[in-house]
Amino acid sequence: MRDALNLRGNHALLTKANPLAKFVSVFLISLVLALSIDWVSASTALLAELALFPLAGLTLRLLWQRAWPLIIAAAIGGWSTAIVAADSGAVLLDVGLWSISEGSLELGLGFMLRGLAIALPAILLMTCTDPTDLADALAQKAKLPQRFVLGSLAAMRLVGLMAEEWQTIGMARRARGVGSQGNPFQRMKATLGQSFGLLVQAVRRASRLAVTMEARGFGGGQRTWARESTYSLLDAWVILGGLIIAAGAVLTAVGAGTWSFVWR
Amino acid sequence: MSATQNGTVRPAAISAEGWGWRHAGRARPAIEGLDLRIEPGERVLLLGPSGAGKSTLLHALAGVLGDEEDDSDETGSLLIDGVVPREQRGRAGLMQQDPETQVVLSRVGDDVAFGAENLAVPRDEIWARVHEALDDVGLRTAAVGGLALDHPTAALSGGQKQRLALAGILAMRPGLILLDEPTANLDPAGVLEVRDAVGRCLDKTGATLVVVEHRVSVWKDLVDRIVVLQPGAAAGHADSSKGGVLLDGPPDQVLAEARTMLMSAGVWVPGYVPSTRERRNESHTAQLLLAAQDLAVSREKPRRKGFKTIPPVPVQTGIIAQVRAGQALTITGPNGAGKSTFALTLAGLLAPVDGKVSAAVELSEGAGIDPFTWKAEQLISRIGTVFQEPEHQFVTGRVLDELMFGPKHLGHGEDRVDELLERLRLTHLVDANPYTLSGGEKRRLSVATVLAAHPKVLVLDEPTFGQDANTWAELASFLSELLDAGTAVVSVTHDQEFSAVLGGTELRLGPVQQGEAKHQEAGAA
């Protein structure tokens with residue numbers, strides 16, 4: 001977790017863009033893709049996103065390592081849509097209650113591609129954006145409240161710590177005779193207990209961290225920023241790129257006659 | 001550049017007059033009627049029994065105590081340079097005990113800059129201060145490879161984290177530096193690292209220092225005054241005529257006058273090793289219970305990549321060790337050598353990466369050779385493990401339930417609980433919530449709970465870290481008794497006096513790449 005959020009060694013072009021520009025770009029693509037449920041617009045966007053991988057320093061292998069749950073979820077979502085959606089066109093497979101027809105397959109495929117096409121930009125954004133730089137941009141450029149932004153940033157550092165703590169508490173409890181074996185009820189009880197232990201530690205850590213931050217003068221009025229969040233020409237290209245992908249997805253779908261608003 | 005910026009630090013003066021503080025929701029004040037003056041540039045070591053309100057005073061000076069809204073209660077006055085601490089952010093800098101929570105941001109440079117940013121220091125000056133502060137605490141020297149500003153803070157050791165915190169404080173240019181047990185969680189090398197960095201910075205800036213710490217010998221030569229607070233107002237012992245201070249003066253004088261009193265309060269005064277029970281029947285031919293063979297250890301789990309399983313990179317390899325009934329085994333070595341990881345693997349809590357841990361029939365009693373495969377109930381009556389942080393092991397909300405937990409699950413051994421309560425002085429706390437106990441009480445409870453299941457092997461991870469001398473002596477004596485009674489005791493520790501009390505053998509784990517000796521040496525401890 002800690003390593004996954006660490007950008008050291010990633011010198012790809014998009015790491016130099018302003019996080020806010022990247023954020024806007026991702027938002028544009030997601031918004032457009034959320035409007036329709038056809039497979040043409042989704043696959044157009046998906047192809048364009050895959051082409052952007054090298055610019056963000058992402059490889060297919062890294063993608064799989066970081067996002068496999070999302071990819072599997074998209075596949076399952078698509079499959080179940082294909083099974084349960086109302087049939088239209090020729091029936092391809094019929095197993096009693098479940099059937100897959102041309103229409104439902106198309107819908108399922110569109111669903112899966114759409115899931116991926118919406119998830120990928122977010123993963124791209126995470127891969128080439130340092131959380132600290134994102135916080136700088138959100139506070140300095142988007143003018144979000146600094147208390148909230150910096151508080152979240154500091155808390156995020158604790159999340160990685162909590163993953164280690166979870167493992168330690170698990171072992172510590174096994175050493176007390178609380179096993180993770182037994183029937184589902186016992187397991188659930190053990191997990192609940194472990195979660196409570198983690199919660200106690202998280203609250204303690206968080207309050208100590210809050211004291212540390214307050215003692216360093218955090219929470220008062222005016223503050224300066226050691227890292228200035230700036231825009232460059234690259235950011236114009238990033239937003240333009242987002243616009244092109246979004247518009248391209250819509251136009252190809254409309255051209256192919258597959259575009260259909262979700263509410264219709 | 002540093003010459004001009006030195007001038008900007010103005011050492012702070014502290015004055016307390018009849019000062020007291022009651023935390024919200026508490027019946028009695030944590031500290032009461034304190035009269036104290038500290039002149040600019042003085043370096044003060046603050047001592048006193050637990051519950052004397054030392055941390056409360058430091059938090060108040062740092063300006064982080066309470067809100068106007070809650071129902072906490074302040075009496076008298078506590079001022080820095082004649083002004084209330086809350087109203088002058090950045091005048092004092094505070095370092096606390098837990099290194100993990102002294103770091104705010106994930107890159108070294110950003111973390112140091114954080115305080116200066118909050119004080120609205122102009123950008124160019126912030127970075128000048130960051131470089132200077134990192135130099136001052138020794139984090140840019142060749143010895144640590146000269147950390148880059150974007151070095152991840154998560155990759156630092158405990159001692160480095162505390163020095164980073166010090167750099168963050170220095171970058172605010174405070175006139176008062178407050179240290180609340182800054183080295184309690186560190187190994188001996190880390191303790192000296194931090195102490196020396198503090199000394200260098202004080203010499204350079206001339207700032208006032210107030211440090212709270214049990215281990216007097218570490219700080220004695222760095223401070224020029226020791227103040228001993230009275231036993232807690234919270235405990236109802238305060239004698240208000242004395243103004244909350246029991247003793248006050250130059251270190252040597254105070255230590256000479258109050259040596260006996262401080263020792264009985266559990267303070268580690270220099271040259272004091274508390275008396276402990278001696279081992280009586282140490283034999284070297286005792287029953288073998290547990291053995292590690294060519295063991296490689298890691299906390300990481302194997303990763304799955306496609307259809308292949310990739311084992312984690314071990315932190316230590318080729319460990320050979322034997323655990324025998326009635327004998328102590330002490331695991332030592334530098335940070336990162338995998339001492340705790342090895343102990344947890346030996347205790348059946350982590351799976352070996354390579355090699356094996358095997359239990360003798362006398363220990364396993366039919367549960368199988370590999371302790372990692374034992375069920376939790378099987379494990380606790382055979383191998384008991386005491387973790388470094390007692391809170392990690394609490395599973396109930398009451399001290400007595402905590403002790404009865406093991407025996408209840410095993411269906412026997414409840415009769416032993418009273419004896420343990422008595423022996424570890426927990427009888428008066430049976431109805432208390434474990435989380436509300438003091439550090440020493442928590443440590444004693446965590447040992448008692450594990451022993452309630454009557455294991456033949458006891459594994460302890462840094463049991464004496466941050467403990468006062470009284471708890472230390474009790475623990476060492478108690479373990480020596482257990483050893484004589486035939487329990488095997490495995491401990492991970494940096495504490496040489498502690499391993500000397502337990503006797504037995506030492507297993508020294510070296511840095512992995514250099515492949516130092518990893519074999520047990522008899523009588524080395």
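How many residues of chain B are in contact with chain A? In this predicted model, 56 residues of chain B meet 44 residues of chain A. Several elements of chain B give two or more residues each to its side of the interface. The strands among them are E5 (92-95) and E16 (383-386). The helices are H3 (108-118), H4 (123-136), H11 (376-380), H12 (399-410) and H14 (439-451). H3(B) provides the largest share, six residues. By residue class, the side of chain B that touches chain A holds 28 nonpolar, 16 polar and twelve charged residues.

Strand E5(B) also belongs to a sheet. Six strands of chain B make up this open sheet, in the order E5-E6-E7-E3-E8-E9. Their pairing is mixed. E5 and E9 (245-249) of chain B are the edge strands, and each pairs on one side only. On average, neighbouring strands are turned by 15 degrees against each other, direction ignored. Helix H8 (251-264) of chain B packs on the sheet. It touches strands E3 (43-47), E8 (225-229) and E9 of chain B. The direction of H8(B) makes about 150 degrees with that of E9(B).

At the E5 edge, E5(B) pairs with strand E6 (176-180) of chain B in the parallel sense, over four bridges. B:Ala92 stands opposite B:Leu176, and B:Leu94 stands opposite B:Leu178. Both faces of E5(B) are covered. B:Ala92 and B:Leu94 are buried on one side. B:Gly93 and B:Met95 are buried on the other. E5(B) is thus an edge strand of the sheet that also gives residues to the side of chain B touching chain A.

Notes
Residues are numbered from 1 along each chain as its sequence is written. Chains are lettered from A and ligands numbered from 1 in the order in which they are written. This is a predicted model: local features need pLDDT of at least 70, side-chain atom pairs count only at pLDDT 80 or more; totals for chains, interfaces and linings use all residues. Two residues are in contact if their C-beta atoms, placed from the backbone, lie within 7 Å. Ala, Val, Leu, Ile, Met, Phe, Trp, Tyr, Cys and Pro count as nonpolar, Asp, Glu, Lys and Arg as charged, and the others, Gly among them, as polar. A residue is buried if 20 or more other C-beta atoms lie within 10 Å of its own, exposed if 12 or fewer, and partly exposed in between; C-beta atoms are placed from the backbone. Two strands pair if DSSP finds at least two bridges between them. Axes are lines fitted to C-alpha atoms, for helices over the stretch in contact, and angles run from 0 to 180 degrees between N-to-C directions.
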